[in-house]
Amino acid sequence: MQLGLPQLDAHLQKGLRSLYTLHGDEPLLAQEAADAIRATARAQGYTERSVHTVSGAHFDWSEVLASGSSLSLFAERQILEIRIPTGKPGKEGSAAIQQLAEAAQGNQDTLTLVVLPRVDAPTKKGAWFGALDNFGVMLQVEPVDRQALPMWIAQRLQLQGQRVAGGEEGQRSLQFFADRVEGNLLAAHQEIQKLGLLYPQGELSHAQVEGAVLNVARYDVFKLSEAVLSGQVARVQRMLEGLQAEGEAAVLVHYTLAEDIRALKRVKDAIAQGRPMPMALRENRIWGAKEKLYERILPRLSQANLARMLLAAHQVDGIVKGLKVPEWPTDGWQALQRLAMRMSRACTAR
């Protein structure tokens, strides 16, 4: 049974199931969901809790199976929590999880909670993952994307009795806040709590938000790619500066940008050869958020545009590896910035 995080509270109010699985790479939201499940369980008499962290191929699954089938003398109900940081339980673990999932059916004495990182498509097709889905409640923990982050911040402020000013000033405060915490939701949560400690309930001015919120943003190259293709020039600038400050390899950043250019060229060529755009995108493994971006961008890009961007990517490849190229900055990060800006402008030109 698939369940979205926004529906979890309503689901728990109707009654607990005996098996829950959390999977995703957003620690704060995963922790909050797990806390909500545990709190509801404790209120219903699940007084004992055992936690097993799967570490390595030689993990002893017999102990987990034994915990799931026995209670201490002092507990009527128990929570069995299984954490698999790698998302790969192994052959023995796969069999054990299937056994636990099947045993959870109708088991009112043990609540089993399985915590996983983000899992890939092949893993989701595995028998053990299918058993967790079939016999329990599956919650996928999705990150809060940049577009939704200001609203998320506003909702969290509201929970502690605070709000930003109305109108343009409030929107400016939320955007400023989001820029400072993008990609680091746990730190965002801490900054929100800090505002609750610094100021009383009620309206927060932009000066109060600006003076209190630290720059704790964390970026990754994949989000940079989406920002470039969306033409978000100011955000691209911040992300490149952040990636450089965090010690990200310039070669990896270049690879990500260049791969987008190559993919755009491949899809454009396929369309020119008569392929429908949806087919060309699928053949080049473009889906999700990027699929929508490519659909918007490709009609605007000419073959000449793409040829120029391919040449620029080739030149920057040499620069980040230490070569000098006429009319380009000698610093690799400055060259990456120029390449990213050219791409952004080309993707948004009409």
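Let's start in the middle of a sheet: strand E2 (residues 19-24) runs parallel to strand E6 (residues 137-141), and five bridges join the two. One of the residues involved is Leu-22, whose bridge partner in E6 is Leu-139. Keep in mind that what you're looking at is a predicted model.

Now zoom out to the sheet itself. It's an open one, built from six strands in the order E1-E6-E2-E5-E4-E3, with parallel pairing. At its edges sit strand E1 (2-3) and strand E3 (46-53), each pairing on one side only. As a reminder, strands of a sheet pair through backbone hydrogen bonds, either parallel or antiparallel.

Next, the pockets. The second largest one has a volume of about 500 Å³. Its lining takes in 15 residues, and those closest to the centre are Leu-5, Pro-6, Leu-29, Glu-32 and Arg-156. Helix H1 (8-14), helix H2 (27-43) and helix H7 (149-159) are the elements that each give two or more residues to this lining. Sorted by class, the lining has ten nonpolar, one polar and four charged residues.

Finally, hop along the chain to helix H11 (residues 221-229), where you'll find Leu-229. Is Leu-229 buried or exposed? Its relative accessibility is 0%, so Leu-229 counts as buried, the cut-off being under 20%. What surrounds it? Beyond its neighbours within four places in sequence, Leu-229 is in contact with Asp-260, Leu-264, Lys-290, Leu-293, Tyr-294, Arg-296, Ile-297 and Cys-347. There's also a long-range pair to look at: Arg-345 is 116 residues away from Leu-229 along the chain, yet their C-alpha atoms are separated by 9.0 Å.

Methods: Residues numbered from 1 in each chain as written. Predicted model: local features only at pLDDT ≥ 70, side-chain atom pairs only at ≥ 80, totals over all residues. Heavy atoms only, no water. Pairing = 2+ DSSP bridges. Helix = DSSP H or I, 4+ residues; strand = E, 2+ residues; numbered from the N terminus. 1 Å grid on protein atoms, 1.4 Å probe; cavity = no way out; pocket = protein on both sides within 12 Å on 5 of 7 lines; lining within 4 Å. Points joined across faces, edges and corners; volume = space filled by probe spheres on them. Nonpolar A, V, L, I, M, F, W, Y, C, P; charged D, E, K, R; others polar. Buried < 20%, exposed > 50% of the residue type's maximum accessible area, 1.4 Å probe, protein only. Contact = heavy atoms within 4.5 Å.
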